[in-house]
Amino acid sequence: MEKPVLKRPLLLGLSLGCVLAVCASSSATREAPSAPAVPSHSPSVGRYACVDGSLLKGSRTASGAPSDAVSTIVVRVNGTQHATVERSETTTTADGCTLTGIVQETGESAILMWWKDGRLTGTLGYKGHIYTVMNVGDEAHALIEVGPRTPTASGHTSLRDNRVAVRSEGKIKQWPPRPASATPVVTPFSDAERLALEAKKVTIDLMLLYTKKAANHYIINLADLMARAVEQTNQSFRNSGLENIKLRLVHAQQIDYDEREGEHFEHLYRLVDGVGPFKMAHQLRNEKRADIVGMILDDPSSCGLSTRVAPDSEEAFFVVHHSCAAIALSIPHEIGHILGARHDRRVDANNFPFPFAHGYVNGNKWRDIMGYHESCGGCPRIPYWSNPRIKYRGEPTGTDASDNARVILGQAERVSNFR
């Protein structure tokens with residue numbers, strides 16, 4: 001997965017069922033608020049365009065939720081393009097409303113959240129680009145594009161893709177993807193085996209920690225971001241015929257850790273080994289009976305990192321950069337590694353733990369959760385796991401040799417018993 005960075009933001013107004021209104025007049029611009037909505041590593045932060053905040057008041061109930069009559073929301077992405085979000089599911093709680101939908105034009109996913117206090121947050125994908133919606137004060141909201149950094153003069157990107165890590169002789173090493181090789185012969189997944197696995201209801205408990213430095217980038221509580229990522233993961237399970245499997249966030253907590261020293265490898269194994277403040281994390285994991293532990297931090301050296309593919313219970317840990325957790329499906333990606341899922345075969349031909357444990361890329365059209373950005377020239381990532389039995393826009397989302405849904409069905413119960 002590529003490393004995303006925040007690009008130029010625009011203030012927007014929202015009228016549910018209507019086009020977002022953006023004032024482009026340069027004479028009406030104002031400086032961005034000092035709130036920490038844009039990470040410090042962003043290479044380009046321009047002025048925010050002005051917006052009529054009163055548009056946010058339309059078509060909502062007294063609880064802050066969108067009206068039941070609203071089925072689509074049209075977002076102006078730029079001066080000529082719009083993304084039409086079609087509502088597929090709405091969940092209302094005492095705090096507000098969460099709308100899950102699909103972008104009609106591209107089939108990419110979107111999650112928008114209306115809070116009772118008037119905030120609007122969320123994320124959506126459009127033609128391979130990811131946009132996040134953030135509240136930047138009062139009734140002002142920003143639509144912020146997130147995209148990959150460009151290669152350096154040497155031809156190498158300055159951002160590291162998602163990897164898994166192993167330790168050898170006490171040292172932390174990257175486990176690089178292997179080049180593509182011939183597709184292996186795979187024993188077909190029998191209906192009897194599949195139905196038996198689908199009959200089991202499995203819940204995997206997740207504990208997420210986050211650093212103060214990561215939290216300071218957001219006006220919303222970082223716990224809201226985590227809840228969104230868990231919902232995205234569960235939606236991806238439902239998309240891929242894995243309705244019997246559920247990820248449950250059992251605990252989220254800020255931890256007193258300074259991530260300025262080291263990169264993801266060091267952060268990850270300090271967490272695994274219980275070094276310093278992470279000694280408390282291991283005790284907390286046992287108390288909360290968390291099968292998997294992750295940490296959200298502010299380190300743009302990589303999008304995310306897990307210990308290995310299909311680790312045992314004592315190494316079921318991962319770390320994710322906060323921007324990737326927000327918009328790039330990096331939390332389900334890293335959990336996929338812990339469940340035994342690998343990247344697509346174009347970048348990783350390793351057949352452990354199963355020859356079919358690979359992501360899927362459909363030409364240059366789209367890639368699944370475990371597919372690599374480089375494998376399709378930057379095509380959109382869809383919230384699906386490779387699965388030849390499930391179709392996306394009329395085309396299968398996997399093959400017999402690229403079937404991570406089969407892996408997850410077979411391994412979810414094992415991981416759910418880690419604690």
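Which two residues form a disulfide with their sulfur atoms 1.9 Å apart? They are Cys376 and Cys379, where a disulfide is taken to be a pair of cysteine sulfur atoms within 2.5 Å. The structure is a predicted model, in which local features need pLDDT of at least 70 and side-chain atom pairs count only at pLDDT 80 or more, while totals for chains, interfaces and linings use all residues. Residues are numbered from 1 along each chain as its sequence is written, and side-chain values use heavy atoms, with hydrogens and water left out.

The disulfides are a convenient place to begin. A disulfide is a covalent bond between the sulfur atoms of two cysteines. By the distance rule the count comes to 2 disulfides, and, with bonded cysteines counted along the chain, they follow the pattern 1-2, 3-4. The link of Cys376 and Cys379 is left-handed, with -85° about the S-S bond, and both of these cysteines are buried, a word that here stands for under 20% relative accessible area, as against exposed for over 50% and partly exposed for what lies in between, with a 1.4 Å probe and protein chains only.

The other disulfide joins Cys303 and Cys324, whose sulfur atoms are 2.0 Å apart. Cys303 lies in the loop between strand E13 (292-297) and strand E14 (304-306), and Cys324 in helix H6 (residues 322-327), so the pair ties together parts that are 21 residues apart in sequence. The helices (H or I, at least four residues) and strands (E, at least two) named here are DSSP runs, numbered from the N terminus. The link of Cys303 and Cys324 is left-handed as well, with -95° about the S-S bond, and both Cys303 and Cys324 are buried.

Strand E13 itself comes next. It is mostly covered, since 6 of its 6 residues are buried, and this holds for both faces, with Ile292, Gly294 and Ile296 on one side and Val293, Met295 and Leu297 on the other. E13 pairs in the parallel sense with strand E11 (residues 202-211) over 5 bridges, two strands being counted as a pair if DSSP finds at least two bridges between them. In the pairing of E11 and E13, Leu209 stands opposite Met295. E13 is also joined by 5 bridges to strand E15 (residues 317-321), and these two strands run parallel, with His321 in E15 as the bridge partner of Leu297.

Two residues of E13 appear again among the contacts of His267, which lies in helix H4 (residues 264-273). His267 is buried, with a relative accessible area of 0%. Leaving aside its neighbours within four places in sequence, His267 is in contact, meaning heavy atoms within 4.5 Å, with Tyr257, Glu259, Glu261, Gly262, Phe278, Met295, Leu297, Asp299 and Val319.

An antiparallel pairing is found earlier in the chain, where strand E2 (residues 72-76) and strand E3 (residues 82-93) pair over 5 bridges. These strands form a hairpin with 5 residues between them, and the bridge partner of Val74 in E3 is Thr84.

The helices can be followed in a similar way. Two packed helices are described by the angle between their axes and the distance between the axes. Helix H1 (residues 191-198) and helix H8 (residues 404-416) pack at an angle of about 55°, with their axes 9 Å apart, the axes being lines fitted to C-alpha atoms over the stretch in contact, and angles running from 0 to 180 degrees between N-to-C directions. That makes H1 oblique to H8, given that angles under 35 degrees count as roughly parallel, over 145 as roughly antiparallel, 65 to 115 as roughly perpendicular and the rest as oblique. At this packing, Glu193, Arg194, Leu197 and Glu198 in H1 meet Arg406, Leu409 and Gly410 in H8.

Two further buried residues complete the tour. Pro332 is found in helix H7 (residues 330-339) and counts as buried at 1% relative accessibility. Not counting residues up to four places away in sequence, Pro332 touches Thr233, Ile369 and Trp385, and from C-alpha to C-alpha Pro332 and Met370 are 8.9 Å apart in space, although 38 residues apart in sequence. Ala142, in strand E8 (residues 141-148), counts as buried at 0% relative accessibility, and Ala142 and Thr132 are 10 residues apart in sequence and 8.0 Å apart in space, C-alpha to C-alpha.
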